[in-house]
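Trainee: Please take me through the aromatic side chains of this model at close range. I would like to know how the rings are placed and what surrounds them.

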Amino acid sequence: MSTFDTDLLIVGGGINGAGIARDAVGRGLSVMLVEKDDLAAHTSSASTKLIHGGLRYLEYGEVRLVREALIERERLWGMAPHIIWPLRFVLPQTNSPRPAWMVRAGLFLYDHLGGREKLPATETIRLGRDARGNGLKDDGKAFVYSDCWVEDSRLVVLNARDAADRGAQILTRTRLVDARRESGGWRATIADADGERTVTARALVNAAGPWVADVLGRVPHARDDRGVRLVKGSHIVVPRLYEGDHAFMLQNPDRRIVFAIPYEGDFTLVGTTDEAWEGAPGKAQIAQHEVDYLLETVARYFDRAPVQADIKWTYAGIRPLYDDKAANASAVTRDYVLDLDKGPQGANENAPMLSIFGGKITTYRKLAEHAMQELAPFFPAAGTAWTAGATLPGGNMPDMDFDSYLSTLAARYPEMPAKLLRRLARAYGTLTPDVLRDARTPADLGEDFGAGLSAREVDWLVASEWARDAEDILYRRSKLGLHVPADAAAAIDRYLAA
């Protein structure tokens with residue numbers, strides 16, 4: 001093939017696929033990304049929603065990964081201050097299976113390993129004398145350290161949006177049927193609701209997450225010397241357990257940790273679990289023993305112990321970790337491995353396939369840079385790395401000051417409710433006026449589906465963010481599914497079908 005439909009065909013619309021698409025198109029390459037479901041439909045919307053170094057990974061000797069992640073924390077915060085913001089974590093020492101000196105030594109490394117500049121350092125408190133101990137059974141010593149919160153599925157969408165704005169083709173509800181090397185490139189069959197079609201590409205990027213091995217199975221003579229280990233992580237959402245905007249890291253007797261995090265104003269997010277996923281990847285659901293484990297963890301630490309009937313929502317995801325043969329799921333490396341298969345010698349030797357194993361949301365941008373380094377020999381005219389510090393759509397707020405931007409927005413739309421403007425600014429940042437346009441009052445935004453979700457916002461999500469149904473809108477583009485009336489999803493789907 002002398003010409004190709006695209007330089008890169010990327011399979012997978014999670015954070016790694018979207019991040020690589022953005023990086024590649026910004027270097028001048030043509031990009032097509034195909035995702036069989038919605039963007040962030042699986043692993044990338046089922047995280048604990050943290051931009052963090054991974055304090056517990058130090059215990060497993062993952063110093064390189066932790067350092068890279070710590071460096072990325074403030075960088076990502078600066079790129080998208082509307083969907084990423086600082087969060088303080090209280091780490092009680094009562095019930096800890098680790099001595100205090102070990103935890104403090106780990107936190108010293110955590111503070112100094114990654115060039116922290118804006119996030120506050122670790123402090124030691126007595127829970128009985130500090131408001132952050134309210135709601136806990138424990139009144140002893142705790143450490144308080146910093147990480148960041150992220151709206152995980154929105155991070156994926158914003159990377160895809162930026163990639164598309166720069167010229168990438170983002171094709172959701174489009175699956176890879178098969179792919180084969182042919183004349184120094186790739187000929188692939190993709191399929192959507194309208195049927196199958198053939199596309200040609202210079203290189204193939206397998207960023208299919210839990211389905212990475214499935215994609216390899218669709219490629220004749222693909223290398224199979226790398227393995228993926230599927231690990232399920234599950235979360236519960238319960239009514240708010242405590243006052244304050246801080247989170248907790250809770251240590252369990254089995255040495256695993258569970259986070260309790262403020263969520264959507266009225267709730268607390270509790271998770272995650274780590275258990276091996278056997279069989280083919282698919283839609284994951286929390287198991288009863290995971291529910292029991294998380295509820296027991298909460299009861300161990302908090303005065304107010306929720307029961308199963310209090311759970312408002314659960315979600316679970318399958319993490320596609322690189323198989324390092326660790327003995328248990330919690331110890332499996334969270335580092336990533338990039339496997340470059342150049343193809344057999346001869347005419348197809350320069351038809352590369354890059355497969356992504358492992359990774360975590362915090363390091364997605366760096367992973368994308370490393371992916372482009374692997375592919376650079378095949379695209380000598382491509383540009384250099386550029387994404388560090390390049391804001392994502394809606395993130396261009398002076399000095400990363402969300403509150404100042406919100407004040408500006410309130411002055412521009414004085415008749416809009418403050419709660420609505422805050423939610424929109426958190427979702428869309430400086431693109432909020434593009435959503436509201438000339439509206440002055442909520443009535444100007446059309447039908448209200450509940451919790452301030454309007455027809456105009458739904459139209460925006462369909463036109464600009466690839467949303468196609470109520471689930472996309474209520475649980476990935478937003479978390480309004482926790483706030484809207486029970487019949488809202490049906491009403492949204494009727495509206496979209498009209």
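Mentor: A residue counts as buried when its relative accessible area is under 20%, as exposed when it is over 50%, and as partly exposed in between. Tryptophan 313, at 19% relative accessibility, is therefore buried. Tyrosine 475 has 27% and so counts as partly exposed. Bear in mind that this is a predicted model.

Now to the rings themselves. A search of the whole structure gives twelve aromatic pairs. One of them is formed by phenylalanine 248 and phenylalanine 302, with 5.4 Å from centre to centre and 90° between the planes, an edge-to-face arrangement. This pair links distant parts of the chain, 54 residues apart: phenylalanine 248 lies in strand S12, and phenylalanine 302 in the loop between helix H6 (288-301) and strand S16 (313-322). Both phenylalanine 248 and phenylalanine 302 are buried. The ring centres of tryptophan 313 and tyrosine 475 are 5.3 Å apart and their planes meet at 35°, so this pair is tilted. It too links distant parts of the chain, with tryptophan 313 in strand S16 and tyrosine 475 in helix H12 (residues 470-477), 162 residues apart.

There is also an aromatic cluster, made up of Phe89, Tyr110, Tyr145 and Phe259. Tyr110 brings us to helix H3, where it is buried along with Val103, Gly106, Leu107 and Asp111. These buried residues span an arc of only 140° around the axis, which places them on the same side of H3. The general rule behind such a pattern is that an α-helix has 3.6 residues a turn, so residues three or four places apart point the same way. On the face of H3 turned away from the buried side are the exposed residues Trp101 and His112. The helix covers residues 100-112, 13 in number, and its span from first C-alpha to last is 18 Å, close to the 18 Å expected at 1.5 Å a residue.

What, then, covers the buried residues of H3? The cover includes helix H2 (63-79) and the strands S4 (84-92), S6 (141-150) and S12 (247-251). Strand S12 thus has a part in both places: it contributes to the cover of H3, and it holds phenylalanine 248 of the edge-to-face pair.

Technical notes
Residues numbered from 1 in each chain as written. Predicted model: local features only at pLDDT ≥ 70, side-chain atom pairs only at ≥ 80, totals over all residues. Heavy atoms only, no water. Helix = DSSP H or I, 4+ residues; strand = E, 2+ residues; numbered from the N terminus. Expected span 1.5 Å × (residues − 1). Buried < 20%, exposed > 50% of the residue type's maximum accessible area, 1.4 Å probe, protein only. Arc of directions from axis to C-beta. Contact = heavy atoms within 4.5 Å. Phe/Tyr/Trp six-rings, centres within 6.5 Å; stacked < 30°, edge-to-face > 60°.
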